[in-house]
Amino acid sequence: EQHKVFEPHDGRRIVLTTNVAETSLTVPGIRFVIDTGVARINRYSARTKVQRLEVEAISQASADQRKGRCGRVGPGVCIRLYSEEDFAARSPFTDPEIVRTNLASVILQMASLRLGKVEDFPFLDPPDSRLVKDGYDTLVELGAVTEAAELTPLGRDLARLPIDPRIGRMILAANDEHCLTEVLVIASALSIQDPRDRPMDKQAQADEAHAPYRDERSDFLSWLVLWNAFRNEKRRLSSSKLRKWCREKFLSFVRLREWEEMHHQLADLVGSLGYHANPKHAAPDAIHRALLAGLLSNVGMKGEQGEYLGARGLKFHVFPGSVAGKAKSAWVMASEIVFTSRMFARTVAPITPDAVERAAQHMVKRSHYDPHWDGRAGRAMVFERVTLFGLELANKRRVHLGKI
């Protein structure tokens, strides 16, 4: 249906569009533009470690780009739904991405290329010092750099993967857990837009069509079910019939092809690193352990009000469409925690605090209290408390005092 806006016709054409039309799209024959003056901007918060998608007032430059959609081949009119005073008070330009995104990937690449400290690099728009610190913290969490900001051997391998460092860390852990085949599929899925379509006017039909591709154990494992289904249909059907199958199942053929291409590229890259796919199917627990290596700050424990308590006091809810939403697991991990209408965890899996503690050995904090003599063991003991980013993983664990 989107292609209809480009076809010549005699009727009146009304195009409703996001800010994608500001620069990437030219529709011929537009005579009027109505500019709402707002856009949903992706902005990372260093304080909460959350990617926020919030509606903000656009800059003057964006407003001028919107105005430029009309009058290209004849006179045009732009109607702005905000005052001229409001326009004059706005920022001249939209904030560049480097000042509103997580800098972990930038810092990792700069360290790999030996370009010096990111704080000293002459950026045209220098990022905030809080974002720089947050980027280093993320890389320390992933084991890519030391506390002294020096690149580790794992960090060097991570820098060779041109994807988000968290997703790259999952792939490296998958090699150790012998589940590289499955994690490559999941990692490539997390790197693209969700291929499952859910039109506003057909949500119930879309949910029904997607139901066979759900794995009730986790949203991550659901990706594997969908991948296998698409690959099986691709082998069986012609190109035109495969497209028809995608339409019937409310799946985007274009994004499924993009998923395949991303998987192919990642498989080639990890092959060049000397990693090999596992010949046998991996257990779900091994897959989740590998994914957890990249998601340590995206874990949460069940609170009293039905919400989850996450790292550093963050509170969130499981996204309504998640298979983990009904399970009400005591502990979960998520591929991302995003603020839209409220704080949501997307693509979720249940985990155990023991698994989190094993994956975060380099990050957990241990405290000890109440030393006492154990007559039966014949030695002094002490109680141990283990926390990660303020979340209690274990308490009242009895350990030998002699080691401490």
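Is Glu392 buried, partly exposed or exposed, and what is its relative accessibility? In this predicted model, Glu392 counts as partly exposed, with a relative accessibility of 31%. The side chain of Glu392 meets that of Arg385 in a salt bridge, with an N to O distance of 2.7 Å, and Arg385 is likewise assigned as partly exposed, its relative accessible area being 31%.

The sheet that provides the setting for this pair is considered next. Three strands form an open sheet in the order S10-S11-S12, and their pairing is antiparallel. Strand S10, which covers residues 365-374, and strand S12, which covers residues 391-400, are the edge strands, each of them pairing on one side only. On average, and with direction ignored, neighbouring strands of this sheet are turned by 15° against each other. Between S10 and strand S11 (residues 379-388), the antiparallel pairing extends over eight bridges, and His368 stands opposite Glu384 in S11. Glu384 also belongs to a network of salt bridges, in which it is linked with Glu357, Arg366 and Arg397.

A search of the whole structure finds 25 salt bridges, of which two further examples are described here. In general, side chains of opposite charge can pair when their charged atoms come close. Glu260 forms a salt bridge with Lys234, the closest N and O atoms lying 2.9 Å apart. This pair links distant parts of the chain, since Glu260 lies in helix H11 (residues 253-272) and Lys234 in helix H9 (residues 219-236), with their positions 26 residues apart in sequence. Glu260 counts as buried because its relative accessibility of 9% falls under the 20% limit, whereas Lys234, with a relative accessible area of 37%, is partly exposed. In the second example, Arg90 forms a salt bridge with Asp86, and the closest N and O atoms are 3.2 Å apart. Here Arg90 is the buried partner, with a relative accessible area of 12%, while Asp86 counts as partly exposed at 33% relative accessibility.

A contact elsewhere in the chain involves Thr101, which is found in the loop between helix H2 (84-89) and helix H3 (104-112). When residues up to four places away in sequence are not counted, Thr101 touches Tyr44 and Leu131. Thr101 and Leu131 are 30 residues apart along the chain, and their C-alpha atoms are separated by 7.8 Å.

Conventions
Residues numbered from 1 in each chain as written. Predicted model: local features only at pLDDT ≥ 70, side-chain atom pairs only at ≥ 80, totals over all residues. Heavy atoms only, no water. Pairing = 2+ DSSP bridges. Helix = DSSP H or I, 4+ residues; strand = E, 2+ residues; numbered from the N terminus. Axes fitted to C-alpha atoms, helices over the stretch in contact; angles between N-to-C directions. Contact = heavy atoms within 4.5 Å. Salt bridge = Lys/Arg side-chain N within 4 Å of Asp/Glu carboxyl O. Buried < 20%, exposed > 50% of the residue type's maximum accessible area, 1.4 Å probe, protein only.
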